[in-house]
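Got the viewer open? Let's take a walk through this model, one selection at a time.

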Amino acid sequence: MKEVFKNIPVIPFEGKDSKNPLAFKYYNADRVIMGKKMSEHLPFAMAWWHNLCAGGTDMFGRDTTDKSFGASEKGTMEHAKAKVDAGFEFMKKLGIKYFCFHDVDLVPEADDIKETNARLDEISDYILEKMKGTDIKCLWGTANMFSNPRFMNGAGSTNSADVFCFAAAQVKKALDITVKLGGRGYVFWGGREGYETLLNTDVKFEQENIARLMHLAVDYGRSIGFKGDFYIEPKPKEPMKHQYDFDAATAIGFVRQYGLDKDFKMNIEANHATLAGHTFQHDLRISAINGMLGSIDANQGDTLLGWDTDEFPFNVYDATLCMYEVLKAGGLTGGFNFDSKTRRPSYTMEDMFHAYILGMDTFALGLIKAAEIIEDGRLDEFVKERYSSYNSEIGKKIRSGNTSLSELASYAEKMGKPDLPGSGRQEYLESVINNILFN
Ligand code: XUL
Ligand code: CO
């Protein structure tokens, strides 16, 4: 097999004093943190679309990177296979054990779905062959139901029953391929499941149909032996003005309303949470307390820009708070998919490696620091103390639901007036975090 990334070695761990741009400074796969190897805490995944397909095109200019990977013509099966070769070499060199894909990332879409599906069969055979003798697996698969013009009004939420059928066909095939490649999960990101204007939209009708498509997917997936989780990936807007899976709270309400909560969890993307006006930590916490923290799309946005910039994560503060949530939740059923792209001017093959080294080191640092925060205990202790009034007799009655409004009212009358509820100590707690981060 021809080497694609010729000047790039297998990326070693060299530690924090290394100045080697092609070495990990913090990600040491075998290092044990809180009883588990870093590689187990951090099942990293390569996103096929950004890493092997996207060439830097934006609204104002064409590709800056050539991602033909040696194929003589792009958009051919020869190119699709060259991407597989490049992807596996890339993952092996970085020690990445998972990949995520959309159907049309793997093969060029044909005019006829039967032909597209035949191509998907061929490429998945090729990928399976590549997987042999490695420990690389599929983290999750999905169907792209937002790029083709047929999906301009959504997939499950479309006004066209024929388009709905087409979406069903794509989901069916993407599930087949995900199962064939041993995928841990299957994602629904509803990029066009939303609206541009309420003037032409029947919201209830559309939401019922999205749920219908998801139920059909669950029934089919289980019938072909898919044991993993289905995920909703919330995002509030872009490309649509409003998307129904606005944030974790909204999506959790949706899956519960439509009886999908046994099969679905959340795939939380950092940049989507911030677009919804939340912190990344917020959407992780909301998912976790509802038992629905499934997987993560690891990236970061830019607070100065109002769209999804999908940057490689370098913010250690956010990564630490993310890993704090993940550790507290007992880990993920999914993994950390780098739904991230190099900036348009970072157009070389080395940049692809620098980007993943950055992202993996950021999350490794986040993991190390989150474990220190938990082991330090000051945060947990403070939170426990903050609610300690509920350990009192009346507090216990409230928590156990063993009281009435009248009993509480007569308690309050006897008391006269309560003391102030105690300082929140936010600044102190923030200084504890800084102390642990920068000691
Ligand atoms: C788009 C996005 C998608 C999903 C998969 O913002 O995040 O790439 O992760 O469809
Ligand atoms: Co994503």
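Start where the two domains touch: nine residues of domain 1 are in contact with seven residues of domain 2. To see both parts, colour residues 33-376 as domain 1 and 379-438 as domain 2. Keep in mind that you're looking at a predicted model. Now put a marker at the centre of each domain, taken over C-alpha atoms: the two centres are 39 Å apart.

Next, go for the second largest pocket. Where does it lie? Both domain 1 and domain 2 give residues to its lining, so the pocket sits between them. Its volume is about 650 Å³. To get to the middle of it, select Gln281, Arg285, Leu379, Val383 and Leu429, which lie nearest the centre among the 19 lining residues. Then show helix H10 (280-289), helix H11 (316-328), helix H13 (378-386) and helix H16 (426-438) as cartoons; these are the elements that give two or more residues each to the lining. Try colouring the lining by class, too: you'll get ten nonpolar residues, three polar ones and six charged ones.

Leave the pocket and pick out a pair of helices. Select H6 (residues 161-180) and H7 (residues 203-223), whose axes come within 10 Å and cross at roughly 35 degrees. Turn the view until one helix passes in front of the other, and you have a right-handed crossing. Which residues meet here? On the H6 side, show Phe164, Ala167, Ala168, Val171, Lys172, Leu175 and Asp176. Their partners in H7 are Asn209, Arg212, Leu213, Leu216, Ala217, Tyr220 and Gly221. Sorted by class, this contact has nine nonpolar, two polar and three charged residues.

Two stops on the backbone are left. Zoom in on the loop between strand E8 (229-232) and strand E9 (242-243), where you'll find Pro239. Look at the peptide bond joining Glu238 to Pro239: it's cis, with omega at about 15 degrees.

Finally, jump to Met34, in the loop between strand E1 (32-33) and strand E2 (36-37). What is the sign of phi at Met34? Phi is positive there, at about 45 degrees, even though Met34 isn't a glycine.

Conventions. Residues numbered from 1 in each chain as written. Chains lettered and ligands numbered in written order. Predicted model: local features only at pLDDT ≥ 70, side-chain atom pairs only at ≥ 80, totals over all residues. Heavy atoms only, no water. Axes fitted to C-alpha atoms, helices over the stretch in contact; angles between N-to-C directions. Helix = DSSP H or I, 4+ residues; strand = E, 2+ residues; numbered from the N terminus. Left-handed = near helix turned anticlockwise from the far one by under 90°. Contact = heavy atoms within 4.5 Å. Nonpolar A, V, L, I, M, F, W, Y, C, P; charged D, E, K, R; others polar. 1 Å grid on protein atoms, 1.4 Å probe; cavity = no way out; pocket = protein on both sides within 12 Å on 5 of 7 lines; lining within 4 Å. Points joined across faces, edges and corners; volume = space filled by probe spheres on them. Domains from an automatic or database assignment.
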